[in-house]
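Visitor: Could you take me through one part of this model up close? I'd like to hear about the helix pair and how the two helices sit against each other.

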Amino acid sequence: MTKYPMTVQGARALEEEHAHLTKVVRPKLSQDIGTARELGDLKENAEYHAAREQQGMVEARIRDIEGRLQNAVIIDVTTIAHTGKVIFGTTVEIANCETDESVTYQIVGEDEADIKLSKISVGSPIARALIGKEEGDVVTVKTPSGVVEYEIVEVRHI
C-alpha cells in the first residue's frame with residue numbers, strides 16, 4: 001500500500017474538503033436528484049443526468065480523499081530538531097548561482113503542491129535535489145531548459 005507524506009496543514013485541508021463534500025455538497029446533490037426526478041421522464045431529463053454525473057464525481061473525490069488520509073504519513077516539521085538540513089516539510093530559500101535570483105519553496109506532499117503558493121511536491125526535481133542537503137550546499141537540478149545550480153541560502157522549519 002502506498003504511503004503519502006503530508007504536512008499537518010495538508011491533512012487539515014483534505015479533512016476540511018472531505019467534511020464540505022459529505023456535509024454540504026452530497027446532501028445538496030441528493031436534493032437536486034430528487035427534484036429532477038419529479039420533473040418526469042428520466043430518459044430526457046438533462047437536470048437529472050447532470051446531477052447524477054456530478055454525484056458520481058463527488059463520490060469518487062470523497063473516496064480518493066478517504067484513501068489518501070488513511071494512507072497518509074503526517075509529518076509535523078515543527079516537532080523535528082532544526083539541523084539546517086532540508087527535509088520534507090521545510091521551507092527552503094535557494095539562490096540561482098548564475099543569476100543570483102532567490103526563491104523560497106516549501107517541500108510538501110503531492111496533494112498539497114501549488115507553485116503559486118511556493119509549495120513544491122517532494123517528488124519534483126528541485127525537491128529531490130534539495131532533500132538531505134544543508135544550508136550553504138550547492139545543488140544541481142536538471143530542468144527542461146538545462147542544468148541549473150542553486151545554493152541553499154536558508155532552511156526553516158515553519
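Guide: Quick note before we dive in: UniProt positions are given in the numbering used here, and annotations may be inferred rather than shown by experiment. Also, this is a predicted model. For orientation, an unreviewed UniProt entry puts the feature "domain: Transcription elongation factor GreA/GreB C-terminal" at residues 83–156. That span is 45% strand and 8% helix, and its end C-alpha atoms are 10 Å apart.

Now to the pair itself. Two packed helices are described by the angle between their axes and the distance between the axes. Here, helix α1 covers residues 8–37 and helix α2 covers residues 46–70; their axes come within 9 Å and cross at roughly 160°. Angles over 145 degrees count as roughly antiparallel, and α1 and α2 are therefore roughly antiparallel to each other. Their crossing is left-handed. Sorted by class, the contact of α1 with α2 has 13 nonpolar, 11 charged and five polar residues.

One side-chain detail to finish: R68 lies over the face of Y4, 4.2 Å from the ring centre.

Terms used
Residues numbered from 1 in each chain as written. Predicted model: local features only at pLDDT ≥ 70, side-chain atom pairs only at ≥ 80, totals over all residues. Heavy atoms only, no water. Helix = DSSP H or I, 4+ residues; strand = E, 2+ residues; numbered from the N terminus. Axes fitted to C-alpha atoms, helices over the stretch in contact; angles between N-to-C directions. Parallel < 35°, antiparallel > 145°, perpendicular 65-115°, else oblique. Left-handed = near helix turned anticlockwise from the far one by under 90°. Nonpolar A, V, L, I, M, F, W, Y, C, P; charged D, E, K, R; others polar. Lys NZ or Arg CZ within 6 Å of the ring centre and 35° of its normal.
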